[in-house]
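Work through the exercises below with the sequence and the coordinates at hand. Each task is followed by a solution in steps.

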Amino acid sequence: MAQLTDDCFAFSGPLLRLDDMERLIAERITPVKESEVVALGGARGRVLVSDVVAPVDLPPFDNSAVDGYAVRHADLNKEADTRLTIAGRVTAGRAADAAIGKGEAVRIFTGAPMPAGADTVFMQEDVTVDGETVVVPKGLKLGANRRLAGEDVPKGQTVLPAGTVLEPQHIALAAALGITSLDVRRRLTVAIFSTGDEVVEPGKPLGRAAIYDANRYLLRELLERLGAVVTDLGIIADQPEALAHALQAAARTHDLIVTSGGVSTGEADYVRTAVERIGSLVFWRVAIKPGRPVALGVIRDADDSAAFIGLPGNPVAVFVTFVRVVRPLLRQLAGARADVLTPLPVRSSFAYKKKKDRREYVRVALRRGADGELEAVKHPQDGAGVLTSLTQTDGLLELPEDITTVAPGDRVGFLSYASLIG
């Protein structure tokens with residue numbers, strides 16, 4: 001399991017900025033050590049444990065980028081068209097029979113190896129074939145339409161650094177280099193559960209004061225998108241003994257435990273009490289909205305330990321705290337490089353006020369303005385429990401700490417849901 005110190009989440013400041021939070025995570029959380037070798041077919045979403053170095057050149061040989069005629073540039077007339085004798089033909093997957101001679105051209109196809117001595121390729125639509133000769137126009141530069149061996153990746157170059165989260169394009173590059181398997185860190189194991197006597201499993205009878213549990217389903221989907229192996233412990237009643245037992249059992253076999261609800265200071269917030277009995281707990285008053293203080297801790301059982309994160313109970317607050325707090329912590333624990341979110345500039349269609357020194361996330365849909373520019377339209381309901389505000393919008397506006405007002409027409413930063421949960 002993860003190796004964490006009891007004070008890894010300790011923080012004495014009154015309010016933690018997001019950039020400070022990310023720095024603390026990078027400094028204090030140690031990635032899991034175990035690794036395994038996986039085939040390319042099962043590598044998507046995994047984290048590289050070491051650099052991948054190109055074992056061969058890519059492409060491995062000089063070849064043509066187009067269908068056309070390979071020539072020696074030195075044979076071309078700089079002032080007029082040049083007539084050349086067609087001396088051969090080479091297709092992809094086959095090598096030329098002989099080197100190209102003076103005054104000759106070789107019919108060539110995309111991807112075929114360049115004949116020895118040829119250095120330039122004319123596109124077939126730019127030439128005129130006349131019997132056994134071809135007439136090529138003046139003006140083509142030396143090396144045109146020729147791809148040199150290693151021009152994409154030279155042998156020995158690091159192509160995928162350690163910490164890369166493998167996406168389809170990374171796997172394709174490894175395959176192009178002839179690599180069949182990769183050394184990756186093991187998947188993180190994460191246990192989730194919900195708390196609260198009012199929370200009911202979907203499909204069960206719903207009492208007058210009960211609500212269906214959406215948070216567990218949200219967390220499971222978000223975690224699995226990040227490559228975690230999730231254990232769903234269900235809904236645990238508000239009973240300190242049951243909670244402590246579930247947490248300690250989960251700590252034996254998981255790297256991280258994520259819960260929603262029950263971590264505030266109310267008399268019925270038993271998760272906090274349970275964690276403090278069997279581990280250590282601190283609250284990070286992260287300066288974001290929506291999102292209440294996030295509880296973080298370490299739960300120990302004999303020689304094992306697991307990180308603990310207690311999220312708020314409202315689903316929108318769960319979503320925002322997950323993508324801005326849990327996600328960077330999970331990436332660090334998995335050994336992945338920190339990712340940098342880059343908001344897309346869009347135009348605000350609404351006025352908005354916020355507190356200084358707090359980063360806020362506003363749910364918005366995108367539309368085209370009359371001038372064709374993208375505009376952000378704020379969802380009419382702000383409540384952290386309004387789940388449709390996530391389903392009826394396209395993403396979040398990120399309003400930095402130093403901003404206090406937004407006016408219609410202002411440039412603001414937009415983060416799509418795809419960028420936040422991918």
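**Exercise 1.** Are α3 and α6 roughly parallel or roughly antiparallel to each other?

*Solution.* The model is a predicted one.
Step 1. Locate the two helices: α3 covers residues 215-225 and α6 covers residues 315-334.
Step 2. Take the axes, which come within 11 Å and cross at roughly 30°.
Step 3. Apply the cut-off: angles under 35 degrees count as roughly parallel. α3 and α6 are therefore roughly parallel to each other.
Step 4. Add the hand of the crossing, which is right-handed for α3 passing α6.

**Exercise 2.** Determine which residues make the contact of α3 with α6, and sort them by character.

*Solution.* Step 1. On the α3 side, list Asn215, Leu218, Leu219, Leu222 and Leu223.
Step 2. On the α6 side, list Pro315, Val318, Phe319, Phe322 and Leu330.
Step 3. Sort them: nine are nonpolar, one is polar and none is charged.

**Exercise 3.** What is the strand order of the open sheet of six strands, and which strands are at its edges?

*Solution.* Step 1. Write the order as β16-β13-β17-β21-β20-β18; the pairing is mixed.
Step 2. Find the strands that pair on one side only: these are β16 (229-236) and β18 (279-284), the edge strands.
Step 3. Average the turn between neighbouring strands, direction ignored, to get 20°.
Step 4. Examine one pair: β13 (residues 189-195) runs parallel to β16, and six bridges join them. In this pair of strands, valine 190 stands opposite valine 230 of β16.
Step 5. Place helix α5 (residues 270-278), which lies across β13, β17 (256-260), β18, β20 (294-301) and β21 (304-311). Relative to β18, helix α5 runs at about 130°.

**Exercise 4.** Where are the cis peptide bonds that join leucine 58 to proline 59 and lysine 289 to proline 290 placed in the chain?

*Solution.* Step 1. Check omega: about -5° for the bond between leucine 58 and proline 59, and about 0° for the bond between lysine 289 and proline 290.
Step 2. Assign the loops: proline 59 lies between β2 (52-53) and β3 (63-64), while proline 290 lies between β19 (288-289) and β20.

**Exercise 5.** Give the domain division and the separation of the centres of domain 3 and domain 4.

*Solution.* Step 1. The domain assignment gives domain 1 (18-34 + 187-334), domain 2 (40-55 + 157-185), domain 3 (63-147) and domain 4 (344-420).
Step 2. Taken over C-alpha atoms, the centres of domain 3 and domain 4 are 56 Å apart.

Methods. Residues numbered from 1 in each chain as written. Predicted model: local features only at pLDDT ≥ 70, side-chain atom pairs only at ≥ 80, totals over all residues. Heavy atoms only, no water. Domains from an automatic or database assignment. Pairing = 2+ DSSP bridges. Helix = DSSP H or I, 4+ residues; strand = E, 2+ residues; numbered from the N terminus. Axes fitted to C-alpha atoms, helices over the stretch in contact; angles between N-to-C directions. Contact = heavy atoms within 4.5 Å. Parallel < 35°, antiparallel > 145°, perpendicular 65-115°, else oblique. Left-handed = near helix turned anticlockwise from the far one by under 90°. Nonpolar A, V, L, I, M, F, W, Y, C, P; charged D, E, K, R; others polar.
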